[in-house]
Amino acid sequence: MDLPERLVKAMGDLDEDQVLELAGSMLASGAEPLEIIELCREGFKIVGDRYERREYFLSGLIISDDIFGNVMGLLDRSQCFKLDDSQKLGKVVLGAPLGDVHDIGKEIVSMLLRCSGFEVVDLGVNVRPSEFLEGAVDSGAGVVGISALITMAYEPLRETVAAFEREGLRQRVKIMLGGGAVSQRVCDYAGADAWSRDASDAVKFTRQFSGKE
Ligand code: B12
């Protein structure tokens with residue numbers, strides 16, 4: 001097995017020492033931080049599948065979160081993600097929808113947007129439709145990004161888009177969805193403008209929506 005395969009496996013096995021050692025070796029040999037994040041995401045998928053098969057329990061999900069936090073610490077210490085405050089291209093409101101407390105993907109999206117020169121207004125998790133609306137109005141942001149990991153969040157996603165429509169803000173504010181629970185069908189159902197399961201697409205969409213391309 002090569003290093004990337006071993007990293008995915010170690011994450012799936014919740015082997016923290018191995019994950020950190022392999023991520024460190026990959027960084028030292030010039031791997032991009034985003035590549036390491038994507039490998040961890042594949043590992044998370046294994047953790048999720050094992051949880052579904054009841055091979056892991058809630059504690060397994062919590063441990064995977066913990067391991068990933070330490071990987072992010074490693075990437076941060078390596079100064080891979082230098083934020084450049086000199087250029088602010090626009091504002092983006094981010095959050096996880098009502099009922100959803102997963103925030104690992106949202107944090108990655110936030111980091112990439114900030115690295116790309118956007119200001120992020122992070123509303124956190126379990127965000128009500130009305131709070132997304134307030135966040136966009138108060139900050140004047142033209143883009144809202146919602147990260148959804150659980151199917152229970154579909155209805156709140158739809159209600160969030162509807163709230164912008166009711167206030168006549170649907171033309172001014174673009175809404176993008178991401179996270180493991182979204183798909184083209186979910187995007188259509190919610191009435192959002194775009195969706196992806198790739199964090200870097202959040203930057204691509206935001207550039208497009210803000211006319212910065
Ligand atoms: C870690 C984890 C947890 C942790 C979360 C910690 C945290 N701080 O986020 C904890 C332990 C809290 C947790 C809790 C629960 N979890 Co959980 N969890 C996971 C797990 C293993 C990984 C999630 C993750 O972070 N993935 C890695 C990130 C990087 O991926 P991502 O979020 O998809 O983000 C990427 C892209 O989607 C994209 N992206 C993300 N956001 C956005 C936004 C935009 C705009 C764009 C463009 C892109 C984008 O960029 C990211 C990088 O590429 C998943 C399994 C899985 N396969 O995902 C289950 C999973 C999501 N959890 C699940 C469940 C069931 C639960 C619980 C209900 C368990 C319970 N019995 O209590 C609770 C739910 C609590 C709630 N109300 O939300 C299910 C959901 C099933 C479903 N269909 O609804 C999953 C799928 C596991 C499974 N296979 O059963 N969980």
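A residue is taken here as buried if 20 or more other C-beta atoms lie within 10 Å of its own. With that cut-off in hand, open the model, which is a predicted one, and begin with a single residue.

**Ser110**

Select Ser110, which sits in helix H5. Because 21 other C-beta atoms lie within 10 Å of this serine, Ser110 counts as buried. Now show what surrounds it: once the neighbours within four places in sequence are set aside, Ser110 is in contact with Leu94, Val120 and Asp122. For a sense of scale, draw a distance from the C-alpha atom of Ser110 to that of Val125, a residue 15 places away along the chain, and the viewer should report a separation of 13 Å.

**Ala199, across from H5**

Move next to Ala199, which belongs to helix H9. Ala199 is buried because it has 22 C-beta neighbours inside 10 Å. Beyond the residues up to four places away in sequence, Ala199 touches Gly105, Ile108, Val109 and Leu112. Val109 deserves a distance of its own, since 90 residues separate it from Ala199 along the chain, and yet the two C-alpha atoms are 5.2 Å apart.

**The ligand and its shell**

Keep Ala199 displayed and select the ligand, around which 39 residues are gathered, the closest being Gly48, Gly105, Ser147, Gly178 and Ala199. Colour the elements that give two or more residues to this shell, namely helix H3 (33–52), helix H4 (58–77), helix H5 (104–115), strand S3 (143–147), strand S4 (174–178) and helix H9 (199–209). Of these, H3 makes the greatest contribution, with 7 residues. If the shell is instead coloured by residue class, it divides into 17 nonpolar, 12 polar and 10 charged residues.

**The two domains**

Zoom out and colour the chain by its two domains, domain 1 covering 3–77 and domain 2 covering 90–209. Their centres, taken over C-alpha atoms, are 25 Å apart. Where does the ligand lie with respect to domain 1 and domain 2? Both domains give residues to the shell around the ligand, and the ligand therefore lies between them.

**The nonpolar core**

Select now the largest nonpolar core, a set of 59 residues in which Val144, Ala148 and Leu177 have the most contacts. Helix H3 supplies the largest share of this core, 6 residues, and each of the two domains provides at least three residues to the core. Centre the view on Ala148 and display its contacts: leaving out residues up to four places away in sequence, Ala148 touches Ala96, Pro97, Asp100, Ala153, Leu157, Leu177, Gly179, Ala181 and Val182.

**Helix H6, seen along its axis**

Finish with helix H6, residues 129–139, and look down its axis after selecting its buried residues, Pro129, Phe132 and Ala136. These three cover an arc of only 65° around the axis, and so they lie on the same side of H6. An α-helix has 3.6 residues a turn, so residues three or four places apart point the same way. Extend the selection to strand S1 (90–95), S3 and helix H7 (154–166), against which the buried residues of H6 pack. Then turn the helix round: which exposed residues does the face of H6 turned away from its buried side carry? That face carries Ser130 and Asp138. The last stop is Gly140, which follows H6 and has a positive phi, near 75°.

Definitions and conventions: Residues are numbered from 1 along each chain as its sequence is written. This is a predicted model: local features need pLDDT of at least 70, side-chain atom pairs count only at pLDDT 80 or more; totals for chains, interfaces and linings use all residues. A residue is near a molecule or strand if its C-beta atom, placed from the backbone, lies within 6 Å of it. Helices (H or I, at least four residues) and strands (E, at least two) are DSSP runs, numbered from the N terminus. Ala, Val, Leu, Ile, Met, Phe, Trp, Tyr, Cys and Pro count as nonpolar, Asp, Glu, Lys and Arg as charged, and the others, Gly among them, as polar. Domain bounds come from an automatic or database domain assignment. A residue is buried if 20 or more other C-beta atoms lie within 10 Å of its own, exposed if 12 or fewer, and partly exposed in between; C-beta atoms are placed from the backbone. The arc is that of the directions from the helix axis to the C-beta atoms. Two residues are in contact if their C-beta atoms, placed from the backbone, lie within 7 Å. A nonpolar core is a set of buried Ala, Val, Leu, Ile, Met, Phe, Trp, Tyr and Cys residues joined through C-beta atoms within 7 Å.
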